[in-house]
Amino acid sequence: QEYSQWDLIYDAIAAGDIDTLNREMGTENWPDRSVDAVLVYDNGGTLIHGWVLSLVDRTPLSLDEFFSFNVRQPLPTTLSQLGDARGFISLPTRLLRVVGAEALRTDQSGPSVGTVVLGQYFTDARFNEMARQVSGTVSVEYYRDREEASSRSGDFRIELNDNVVTMRQPVPDIFGELIAELVVETDRNITAAGRESIMRAVLVIGVGIILISLAVLLFMNSQIISPLQTLTRIMQRMRSTGNLNIQADSRRRDEIG
């Protein structure tokens, strides 16, 4: 969004200023490896700036050979899908996560002059990070490697055996086609321990809520209900005896007093 909503990039796309796009969105602008691909289209659907890096040595690759669709003259439907992309593009050995947005001015005003698409490899390091979070293993199984087309399923599934819990999340690409499954495997003992931890936490929270409720009730009773009951009894005595000299405790200086 930072690049798709920036006056400098907006004006460069509108004017077809390739030098500015190369300078501001070239490969050297992401030394931290946060971006592995950039595609910039004008409103006519023509690619005016683009590159993709090798995952191995981060040298530029041929766009025409890299992508499964024609990035230089994309179809209108492809362009519109890239313009609001939040998903993946299937590559021969890797998934490329992409984010696309319309090119607008810094104040988000338009009209749009094109589309900016950024891509990032779904690397082993990211799998390992996810694996640490779930205390298990994370991998991707590509549907193209399966012989039976019927094995594709769009539903999230959980499979259980004696020792392992396997969760399968279908992964569609930005065009809506199912391309892979994200597979998460965890030890059943770890899953059971997590469930027991959750139950203990729920129990502790429940006991805490009960204790807090009791404390509130005791406070309400001592500070509000009991004094009002006492005042009610005094008023009843006045009514029944006609004695208006009965004194109530007036030492309190709050609303009840």
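**Note on a predicted model: surface patch, helix H2 and the chain overall**

1. Leu214 is partly exposed, its relative accessible area being 45%, and this residue belongs to helix H6, which spans residues 188-241. The structure under review is a predicted model, and the values given here should be read with that in mind.

2. Leu214 is also one of the members of a nonpolar patch on the surface, together with Leu203, Val207, Ile210, Leu211 and Leu217, and the accessible area of these residues together is about 600 Å². Leu214 can be part of such a patch because its relative accessible area of 45% lies above the 30% that patch residues must exceed.

3. In helix H2, which covers residues 18-25, the buried residues are Thr20, Leu21, Glu24 and Met25. They span an arc of only 100° around the axis, and therefore they sit on the same side of H2. The elements against which these buried residues pack are helix H1 (7-15) and the strands E1 (37-42), E2 (47-52) and E5 (114-121).

4. The start of H2 deserves a separate remark, since a side-chain oxygen of Asp17 comes to within 3.4 Å of the backbone nitrogen of Asp19 there.

5. For the protein chain as a whole, the secondary structure consists of six helices and nine strands, and 34% of the 257 residues count as buried. Of the contacts between residues at least 6 apart in sequence, 52% join residues that are at least 24 apart. The chain exposes about 16200 Å², of which carbon and sulfur atoms supply 54%.

How values were computed:
Residues are numbered from 1 along each chain as its sequence is written. This is a predicted model: local features need pLDDT of at least 70, side-chain atom pairs count only at pLDDT 80 or more; totals for chains, interfaces and linings use all residues. Side-chain values use heavy atoms; hydrogens and water are left out. Buried means under 20% relative accessible area, exposed over 50%, partly exposed in between (1.4 Å probe, protein chains only). Helices (H or I, at least four residues) and strands (E, at least two) are DSSP runs, numbered from the N terminus. The arc is that of the directions from the helix axis to the C-beta atoms. Contact means heavy atoms within 4.5 Å. A polar contact is a pair of N or O atoms within 3.5 Å; within protein, one must be able to donate a hydrogen and the other to accept it, and residues adjacent in sequence count only if both atoms are side-chain atoms. Accessible areas come from the Shrake-Rupley method with a 1.4 Å probe; for residues, only the protein chains shown count as cover. Patches are made of residues with over 30% relative accessible area and no salt bridge: like charges are joined within 9 Å, nonpolar side chains (Val, Leu, Ile, Met, Phe, Trp, Tyr) within 5 Å. A salt bridge is a side-chain nitrogen of Lys or Arg within 4 Å of a carboxyl oxygen of Asp or Glu.
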